[in-house]
Amino acid sequence: MSNSSAADTAPARAGAVSSQHAKHVFAAIDIGASSGRVMLGRVSPTSGVALETIHRFPNGVVELDGGLRWDFDALFAEVLKGLAAAAAVAQENGERIASIGIDTWAVDYGLVNEAGELVSVPYSYRDERSRGTVQRVHSVIDPARLYATTGLQYLQFNTLYQLAAEPKLDGLQALLIPDLIAFLLTGERRTEATNASTTGLFDAVAGEWATEFLDALGLPGDIFPPLIQPGETVGTLLPAILERTGLPADTTVVAVGSHDTASAVAAVPAQAENFAYISSGTWSLVGVELDAPVLSEASRKANFTNERGVDGTIRYLRNVGGLWLLSECQRSWAAQGFSQSLTSLLDAAAALPAGGPQINADDPVFTAPDNMPDRIRSAVRNTGALLPDRPAAVVRCIMDSLAAGYARTLADAERLAGRGVDVVHIVGGGSQNRLLCQLTADATAKPVVAGPVEATALGNVLVQARAAGVVTGGLAELRELVAAGTNLERYEPALQTSRS
């Protein structure tokens, strides 16, 4: 899912490129489940990449027509507002935006008719509508066969289960959220490959649509537009978009790792091969980067996923609960008149002793919004323990539970992929959370390198820059640029520290 978080509040700068010296400027539309932003990235092959936040806006689900949906009209209006502001900033600096890249969360889509009209407001993966279709899908396609082809972990909101809940699909196409935004900007219909791999209808080995599953489920063969790879051009902006944004007529939209985790992993500042990553935000995406998918039955039973990354890599990972738990608790406490800052909450949680109660942070019971502190305390009671009715205790439970979940997942990834991990990189909003980073180092017994916060936008911009020929080379070269321009923080496991 998404690796972006409303808790992401660090300055949006990485690298050391000044606007006076940067000739290559790129716009990144980066939208997570909690917030979105339009950013400018200034890239130099020698001094790195610098990000400037141009426009930041909230994102979230709304109850509409009996379901949880995304307020897509408002979301797209904010995108246009951000692009217009980016165009104005670039013009003021005497710069020219070379291209635009788009990344968002995965699995959700909008349905577009032949005339190019969005026929309904896109559902959110947090809606319950697909719960009832899982058994029907599995009665047609054996789950073991499904995994052997797609390599996708089972989540009840995966795209194929959502599509199975649609009453009518004739004459319609499903555009995943970043592809839908790109379509509205350019008029071109494409499906970017990293996000396609999250649908449950993508062949993990062939890198193409799994047409046998489309046929088995009675889905139209053209339900998705043709595939496009990161770095390829989607198209140029439509005249109406040019008029609203003030961007130059030949401004292009370039496909990036449109699943935000794919962009984030592309910007992991790893300097060695045997690394693991945790893209920590609303969700936590925990895994390793591989050259080929792991499609074993053991991998399926462990519920690991094989999703495409930039340059055809495999993001072998599992979704673990994330900072959604914390942000929802903060929202509940604020509604009750408790307004303690996040920093104060984390400091108070860090002062509590280790060994407190834990929950299964990725239990589906925590997927929906509202009453999160009560649900966490209820889950603790179900384990036979008690959790004090104090925010600091709840926060410490969340942090301990996330770190423990990270450790279990990484141990499983090492075993199933047959490779060791020497260092864990935490990127995204969670990289700012010192308590979470230290607890992760302790739980995994591995050093943790935290940063960058804006990994998703960095990956987005660097893929655009490479497509424009500003930087060259593979992922290793892109990651060197990130490492050289980011202030990284290293956390050693407590046991290792005590021996030194």
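This report describes selected helices, strands and residues of a predicted model.

## The six-stranded sheet

An open sheet is built from six strands, arranged in the order β3-β2-β1-β6-β12-β11, and its pairing is mixed. The edges are occupied by β3 (48–58) and β11 (233–236); each has a single partner strand, so one side of each is left without a neighbour in the sheet. Direction ignored, neighbouring strands of this sheet are turned against each other by 25 degrees on average.

At the β11 edge, three bridges connect β11 with strand β12 (residues 252–254), and the two strands run antiparallel. Within this pairing, G235 is found opposite V253 of β12.

## Glycine 36 in strand β2

Strand β2 of the sheet includes G36. This residue has a relative accessibility of 0% and therefore counts as buried, the cut-off being under 20%.

Leaving aside residues up to four places away in sequence, G36 touches D30, I31, H55, R56 and F57. Although G36 and R56 are 20 residues apart along the chain, their C-alpha atoms are separated by 5.8 Å.

## Helix α1 and its surroundings

Helix α1 lies across four strands of the sheet, namely β1 (24–31), β2 (35–44), β3 and β6 (97–103), and runs at about 135 degrees to β3.

Helix α1 (residues 72–92) also meets helix α5 (residues 177–186): their axes come within 12 Å and cross at roughly 60 degrees. The two helices are therefore oblique to each other, and α1 passes α5 in a right-handed crossing. On the α1 side, the contact is formed by F72, F76, V79, L80 and L83, while α5 contributes I177, L180, I181, L184 and L185. Sorted by class, the residues of this contact comprise 10 nonpolar, no polar and no charged ones.

## The enclosed strand β17

Strand β17 (residues 423–427) is largely enclosed by the rest of the structure, because five of its five residues are buried. In a regular strand, side chains alternate between the two faces of the sheet. Both faces of β17 are covered, with V423, H425 and V427 buried on one side and V424 and I426 buried on the other.

Strand β17 pairs with two strands described here. With strand β13 (residues 275–280), β17 pairs in the parallel sense over five bridges, and A276 has V424 of β17 as its bridge partner. With strand β18 (residues 448–450), the pairing of β17 is likewise parallel, over three bridges; here the bridge partner of I426 is A450 in β18.

How values were computed
Residues are numbered from 1 along each chain as its sequence is written. This is a predicted model: local features need pLDDT of at least 70, side-chain atom pairs count only at pLDDT 80 or more; totals for chains, interfaces and linings use all residues. Side-chain values use heavy atoms; hydrogens and water are left out. Axes are lines fitted to C-alpha atoms, for helices over the stretch in contact, and angles run from 0 to 180 degrees between N-to-C directions. Angles under 35 degrees count as roughly parallel, over 145 as roughly antiparallel, 65 to 115 as roughly perpendicular and the rest as oblique. A crossing is left-handed if the near helix is turned anticlockwise from the far one by less than a right angle, and right-handed if clockwise. Contact means heavy atoms within 4.5 Å. Ala, Val, Leu, Ile, Met, Phe, Trp, Tyr, Cys and Pro count as nonpolar, Asp, Glu, Lys and Arg as charged, and the others, Gly among them, as polar. Two strands pair if DSSP finds at least two bridges between them. Buried means under 20% relative accessible area, exposed over 50%, partly exposed in between (1.4 Å probe, protein chains only).
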